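Here are a few exercises to help you find your way around a new structure. Take them one at a time, with the 3D view open beside you.

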Amino acid sequence: MSTSEEQEQTASVLLATYNRRALLPSVLEPVLNDPAASEIVVVIDGCDDGSLELLRRMADEDPRIKPQFIPKSGAARALLAGARQASGDVLVLIDDDEIVDPGTITGHLRHHSGEENLIVVGYVEMDFPAARQPGDFSRYIYAHQYAYDCELYETDADTILRNLWGGYLSIGRGNYLRTMGSVNDFVDGYHYDLDFGARCLELGFRAVFDRSLRARHLYKRDRASFLRDARSSGRNRILVHSVHPTVLGPVDAGFVDAGLPPVGRAALGLGLRYPLLQRLAGLATTAAGRLHLWRLETVCASLLWAIEQKRGALEALHRRGV
């Protein structure tokens, strides 16, 4: 494709947001400064925190901002609503707690030059505080798993769509609508991006991972949200694999145990059987954090995650009658 043809491609930046009004100006500023962003479609997913009013004021100053309000529907439905409103050739999807590096929207668009069935996955770098704080274990656990998966992406591109982290990616708008536009049952919550990756695999799309397309993730979870994510992760991984068996293969609740050392597997089994042990693990997590025993805090919190994740997986299997 010639340079003039490449420049004719347009990019719509798309994000769904929920109760993140305070972050939106910081999230949108670097996007607005990238000349490749022909429009920014922001879907407010049923919250009344003032996001819509803020975005309307910002749109008065820059008409590329296109706010859209929908009733609370979940991230997948919100993104689909925004994709249907968008007009760009390429959709660049970002989360509402990410700050993209300058020029990376242009970088996404460049990848799509001459490529029709491509998903481009950027790198989302965790934003760490100057010093770790007690109770902030989720940030470090998340970052460790993400770093591991990014290394897999770079050694085996076939793993990208099979284990997709969807925080910062791009896809042709027509292909996105082809992938999601006819879907009736969406995976809501954790792993909705894994569901999207499986649907792309079924359509024969391929993905590339480009670490130079960076965004900074302003991630933060308290313990209650961390544990809700864990149970949602267990439920939805079972669900996604059951919906896409041909590309993802079968899975049972044992996937949780498979990632643990023998001692961890034993502790997981005991924690599931005896709720008191889970409560003790929670107390140990709190105590380790207060004493700045970071490794112990991480280990105890990881056990709490595994217990809730497996509970979620078992719930999903029970509902399916397995």
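**Exercise 1.** Which residues form one aromatic cluster?

*Solution.* Please keep in mind that this is a predicted model.
- Start by listing the members: Tyr-123, Tyr-142, Tyr-146, Tyr-153, Trp-165, Phe-209 and Tyr-219 make up the cluster.
- For context, eleven aromatic pairs are found in the structure.

**Exercise 2.** Work out how Trp-165 meets its partners Tyr-142 and Tyr-146.

*Solution.*
- Begin with Tyr-142: its ring and that of Trp-165 are edge-to-face, 5.1 Å centre to centre, with 85° between the planes.
- Next, place this pair on the chain: Tyr-142 belongs to helix H6, whereas Trp-165 sits in the loop between helix H7 (159–162) and strand E7 (168–172), 23 residues apart.
- Now turn to Tyr-146, which also meets Trp-165 edge-to-face, at 5.0 Å centre to centre and 70° between the planes.
- Because Tyr-146 is in helix H6 and Trp-165 in the loop between H7 and E7, this pair ties together parts that are 19 residues apart in sequence.

**Exercise 3.** Is Trp-165 buried or exposed?

*Solution.*
- Look up its relative accessibility, which is 16%.
- Compare this with the cut-off: buried means under 20%.
- Trp-165 therefore counts as buried, and Tyr-146 is buried too.

**Exercise 4.** Trace the open sheet from one edge to the other.

*Solution.*
- Write down the order of the eight strands: E3-E2-E1-E4-E7-E6-E8-E5, with mixed pairing.
- Read off the edges, strand E3 (65–70) and strand E5 (98–100), each of which pairs on one side only.
- Add the twist, which averages 30° from one strand to the next.
- Zoom in on E5: it pairs with strand E8 (residues 206–217) in the antiparallel sense over three bridges. Here Val-100 stands opposite Ala-215 in E8.
- Finally, see what lies across the strands. Helix H4 (residues 75–85) crosses strands E1, E2, E3 and E4, at about 135° to E3. Helix H6 (residues 137–155) lies across E6 and E8, at about 145° to E6.

**Exercise 5.** Why do the buried residues of H3 line one face of the helix?

*Solution.*
- Gather the buried residues of helix H3 (residues 51–61): Ser-51, Leu-52, Leu-54, Leu-55, Met-58 and Ala-59.
- Look down the axis of H3: these residues fall within an arc of 160°, so they line one face.
- Check the other side, where Arg-56, Asp-60 and Glu-61 are exposed.
- Ask what covers the buried residues: helix H2 (24–32), E2 and E3 are among the elements that do.

Conventions: Residues numbered from 1 in each chain as written. Predicted model: local features only at pLDDT ≥ 70, side-chain atom pairs only at ≥ 80, totals over all residues. Heavy atoms only, no water. Pairing = 2+ DSSP bridges. Helix = DSSP H or I, 4+ residues; strand = E, 2+ residues; numbered from the N terminus. Axes fitted to C-alpha atoms, helices over the stretch in contact; angles between N-to-C directions. Contact = heavy atoms within 4.5 Å. Buried < 20%, exposed > 50% of the residue type's maximum accessible area, 1.4 Å probe, protein only. Arc of directions from axis to C-beta. Phe/Tyr/Trp six-rings, centres within 6.5 Å; stacked < 30°, edge-to-face > 60°.
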